[in-house]
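Student: I have not seen this structure before. Could you take me through it with short questions and answers?

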Amino acid sequence: MTDLTRMAAWEALELHAGKHRDRHLRELFTADARRAQRFAFRLDDLLVDLSKQRLSSETLALLLELARATDLEAWRDAMFRGERINTTEDRAVLHVALRNRSGRPMQVDGQDVMPDVLAVLERLERFTGDVREGRWLGHTGARITNVVNIGIGGSDLGPAMVTEALWPYGTADLRVHFVSNVDDSHLQQVCRDLDPAETLFIVASKTFTTDETMTNARSARSWLVERLGDEAAVARHMVAVSTNEEAVRAFGIDPDAMFGFWDWVGGRYSLWSAIGLPIMLAVGYPRFVELLDGAHAMDEHFRTAPLAENLPVLLGLVGIWNRNFLGAGTHAILPYDQRLARLAAYLQQADMESNGKSVRRDGHRVDYATGPILFGEPGTNSQHSFFQLLHQGTELVPADFIVAARSTTALGDHHLRLLANCLAQTEALAFGKTPEEARHELEAQGLTGEALEAMLPHKLFAGNQPTTTIVYDELTPYALGRLLALYEHVIFVQGQIWGLNSYDQWGVELGKQLAKRILPVLQGEADGQDLPPPTRALIEEVLQRRR
């Protein structure tokens, strides 16, 4: 693997950045009257506006050269062909097959996986219909009115985010809840007001061994059996999304109520699979298909569009520019939609678990920055939280503003006010407020002399904060699927350019391994003498308090 920073394309970008990075967005817009149109990229009703990013047409051209130099197109095509691009786990990366609506075969090891994918979807469709239409009844014959998904990571964040985002498409007759934290308060809070006779649990764990998930699942099982008075109740109130039939059966769940997926589906890319069962139950199977349709439309665009018009490629390259050439260590996700309240948390896992790496695919350490720290909250709440730092802090914080032109849940002029705030913030971050503008404003308020001069520095806004604005007509299942697939492919683009394997997560394992050593000490079954002194000291502190 050629060292990235020694590539001619990278060196050209470094040279360009040295000349360009201090240019202000005010200057860029003044120099190009059609900049807003020139940097607007579209796919149907989806607009990705890059005009407020600190780049020029030359910047984009150089970034595209970097994409070609790192064989981005070849790696993209290899992914769609089902090749084992997850090299450390020797697996294909084919979540795109889960939403393949084209009828085109998709292969892993020479085998078309689409028949199996469609067969699982058919089973999920039947089960979803049975529950929603009252044919799947609980142990006592009661109809299911509450579903609790027990999972963690990709088995929780994606389904929870989508279910909340699509709540207008749900029904009051069936509520879906999520439990992920092994903290007992999470499970108890969710179950506090539920009737076990009307509650269905989904245990989502590929291996059926995930510690947090199985701890919660065992407690949920006990809750059911104690209140319904019969072990047989488990078969009517618990289903599994897993590939471990033996463990599922031993737990007491009927294998006919187990829905599987495949090792070429990574956890954080799995909401499109049977892991999406809670989404289907919440909004109905046809709406879930619309979600798949939207993701497939973005997949096809990513697969076929020229690089210079390819939305995931362009967004990914802009992220490379901000991270590696402008020095931005963070990235804000700012959906101006309360329904997308969990989008930032979802993308934190998707991005930071994928590209939070310091070792390349070939095993060598990188000598350049990789994945940024993602954070975010919905607007307008975030404006009254961390926007102060964005406007007048010392950090460069690129941000994505995401907004629908229309509200699905229209109420008065709420959405127009939301839009006004979204557009105003991108303007303020780009252009700021100059000393002349601030002075004029203060004079209009009646300030003069020393009072004006004392206040003036506090009223200045440097601007030049890079933002992308993403606009679509309305937050439908289709639009949401397309948006999520867009960000998935951005992660792929950046990981490939950085030379990373974006589809393993070995950094997650160490803490789990250490927890298995510490738990027996807390349980009084080991003395912990093999643990480091600071860990032993904290264990003793905790045990003393528990006594």
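Student: Which residue in S8 is the bridge partner of Val 203?
Tutor: This is a predicted model. Strand S7 covers residues 199-204 and strand S8 covers residues 238-241. The two run parallel and are joined by 4 bridges. In S8, Val 203 is bridged to Ala 240.

Student: Which residue in S8 is the bridge partner of Phe 201?
Tutor: Look again at the parallel pair S7 and S8. The bridge partner of Phe 201 in S8 is Met 238.

Student: How many bridges pair S5 with S7?
Tutor: Strand S5 spans residues 146-150. One residue to look at is Ile 150, whose bridge partner in S7 is Val 203. S5 and S7 pair in the parallel sense, and the number of bridges is 5.

Student: In what order do the strands of the open sheet lie?
Tutor: Strands of a sheet pair through backbone hydrogen bonds, either parallel or antiparallel. Here 5 strands form the sheet, and the pairing is parallel. The order is S6-S5-S7-S8-S9.

Student: Which strands are the edge strands?
Tutor: An edge strand pairs on one side only. That holds for the strand at 175-179 and the strand at 258-259. They are S6 and S9.

Student: Is S7 largely enclosed or exposed, and why?
Tutor: In a regular strand the side chains alternate between the two faces of the sheet. On one side of S7, Thr 199, Phe 201 and Val 203 are buried; on the other, Leu 200, Ile 202 and Ala 204 are buried. That makes 6 of the 6 residues buried, so S7 is largely enclosed.

Student: Why does Val 120 count as buried?
Tutor: Val 120 sits in helix H6, residues 114-132. Leaving aside neighbours within four places in sequence, Val 120 is in contact with Gly 260, Trp 262 and Ala 274. Buried means under 20% relative accessible area. Val 120 is buried because its value is 14%.

Student: How far apart in space are Val 120 and Ala 274?
Tutor: In sequence, 154 residues separate them. From C-alpha to C-alpha, Val 120 and Ala 274 are 7.4 Å apart.

Student: Which two residues does the cis peptide bond join?
Tutor: Most residues other than glycine have a negative phi, and most peptide bonds are trans. This bond has an omega of about 15 degrees. One partner lies in the loop between strand S11 (373-375) and helix H16 (387-392). The bond joins Gly 379 and Thr 380.

Student: Is Asp 44 buried or exposed?
Tutor: Asp 44 is in the loop between strand S1 (40-43) and strand S2 (46-49). Its phi is positive, about 55 degrees, although it is not a glycine. The relative accessible area of Asp 44 is 63%, and over 50% counts as exposed. Asp 44 is exposed.

Student: What is the relative accessible area of Asp 90?
Tutor: Asp 90 lies in the loop between helix H5 (72-80) and strand S3 (107-108). Asp 90 is not a glycine, yet has a positive phi of about 55 degrees. Asp 90 is partly exposed, at 46%.

Student: What is the radius of gyration of the chain?
Tutor: The chain has 22 helices and 13 strands. For 547 residues the globule rule gives 24 Å, and the chain's value is close to that, so it is as compact as a globular protein of that length. The radius of gyration is 26 Å.

Note on methods:
Residues are numbered from 1 along each chain as its sequence is written. This is a predicted model: local features need pLDDT of at least 70, side-chain atom pairs count only at pLDDT 80 or more; totals for chains, interfaces and linings use all residues. Side-chain values use heavy atoms; hydrogens and water are left out. The radius of gyration is taken over C-alpha atoms; the globule rule is 2.2 Å times the number of residues to the power 0.38. Two strands pair if DSSP finds at least two bridges between them. Buried means under 20% relative accessible area, exposed over 50%, partly exposed in between (1.4 Å probe, protein chains only). Contact means heavy atoms within 4.5 Å.
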